[in-house]
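Subject: That structure you asked about

Hi,

Here is the structure I said I would pass on. Have it open while you read, and turn it around as you go.

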Amino acid sequence: MLSSILIIRTFQDEECVEDHEELERYSKEDLWSTPESVPICVTEHLKTITIRGLEGYPHVQKVAKCLLNSGKVLTKMTVDNDELCKELMLERGSRTCLVEVV
């Protein structure tokens, strides 16, 4: 059986930074809303998640928490943000999931 892996990598470029600054006018809750249902590929098949490039994107934290809570067979999540890693340690849907900083 193949292992399911999700990699989220954000990049900052001038257009993206301008869009982010424009979005700052909105409430942070408006940038992300938890979906009503989570695909079975996330809940029952996703084993590894890597998230990189979080600076300037506060809504990515909510996405990471949602994925971590939903991943019932998740074994490893790596992030490049020490503070986020500490928060995520409390959010695990799978108690065997290792959350670490890279």
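Below is what I found in it, starting with the overall layout and then moving to single residues.

One thing up front: this is a predicted model.

**The layout**

The protein has 5 helices and 4 strands. If you walk along the chain from the N terminus, the elements come in the order β-α-α-α-β-α-β-α-β. There are 102 residues, and 29% of them count as buried. Contacts that reach far along the chain matter for the picture too: among contacts with a separation of 6 or more, 65% are between residues 24 or more positions apart.

**The sheet**

The 4 strands make an open sheet, with parallel pairing and the order S1-S2-S3-S4. At the edges you will find S1 (4–9) and S4 (98–101), each of which pairs on one side only. From one strand to the next, the twist averages 10°.

For a look at one pairing, try S1 and S2: they run parallel to each other and are joined over 6 bridges. A good spot to zoom in on is Ile5, which stands opposite Thr48 in S2.

**The core**

Next, the inside. In general, nonpolar side chains of soluble globular proteins tend to be buried together. Here the largest nonpolar core has 17 residues, and the members that touch the most others are Ile49, Ile51, Leu68, Met77, Val79 and Leu88. Four elements supply at least two residues each: strand S2 (46–52), helix H4 (59–70), strand S3 (76–79) and helix H5 (82–88). The most come from H4, which gives 5 residues.

What does Ile51 touch, not counting residues up to four places away in sequence? Its partners are Ile8, Val60, Ala64, Met77, Thr78, Val79 and Asp80.

**Helix H4**

Since H4 gives the most to that core, here is a bit more on it. With 12 residues at 1.5 Å a residue, H4 should span 16 Å, and its end C-alpha atoms are 17 Å apart, so the two agree. Its buried residues are Val60, Val63, Ala64, Cys66, Leu67, Leu68 and Ser70. They are covered by several elements, including S1, helix H3 (40–45), S2, S3, H5 and S4.

Gln61 is also in H4. Is Gln61 buried, exposed or partly exposed? It counts as partly exposed, because its relative accessibility is 27%. Leaving aside neighbours within four places in sequence, Gln61 is in contact with Leu84 and Glu87. Gln61 and Ile51 are 10 residues apart in sequence, and their C-alpha atoms are 9.7 Å apart in space.

**A residue in H3**

Thr43 lies in helix H3. Its relative accessible area is 18%, so Thr43 is buried; the cut-off for that is under 20%. Beyond residues up to four places away in sequence, Thr43 touches Val38, Ser70, Gly71, Lys72 and Val73.

**The cysteines**

A disulfide is a covalent bond between the sulfur atoms of two cysteines. How many disulfides are there in this model? The count comes to 0. Two cysteines you can look up are Cys85 and Cys97. Cys85 is buried, with a relative accessible area of 8%, and Cys97 is buried too, at 3%.

That's the tour. Have fun looking around!

Cheers

Key. Residues are numbered from 1 along each chain as its sequence is written. This is a predicted model: local features need pLDDT of at least 70, side-chain atom pairs count only at pLDDT 80 or more; totals for chains, interfaces and linings use all residues. Side-chain values use heavy atoms; hydrogens and water are left out. A nonpolar core is a set of buried Ala, Val, Leu, Ile, Met, Phe, Trp, Tyr and Cys residues joined through side-chain atoms within 4.5 Å. Buried means under 20% relative accessible area, exposed over 50%, partly exposed in between (1.4 Å probe, protein chains only). Contact means heavy atoms within 4.5 Å. Two strands pair if DSSP finds at least two bridges between them. Axes are lines fitted to C-alpha atoms, for helices over the stretch in contact, and angles run from 0 to 180 degrees between N-to-C directions. The expected span of a helix is 1.5 Å times one less than its number of residues. A disulfide is a pair of cysteine sulfur atoms within 2.5 Å.
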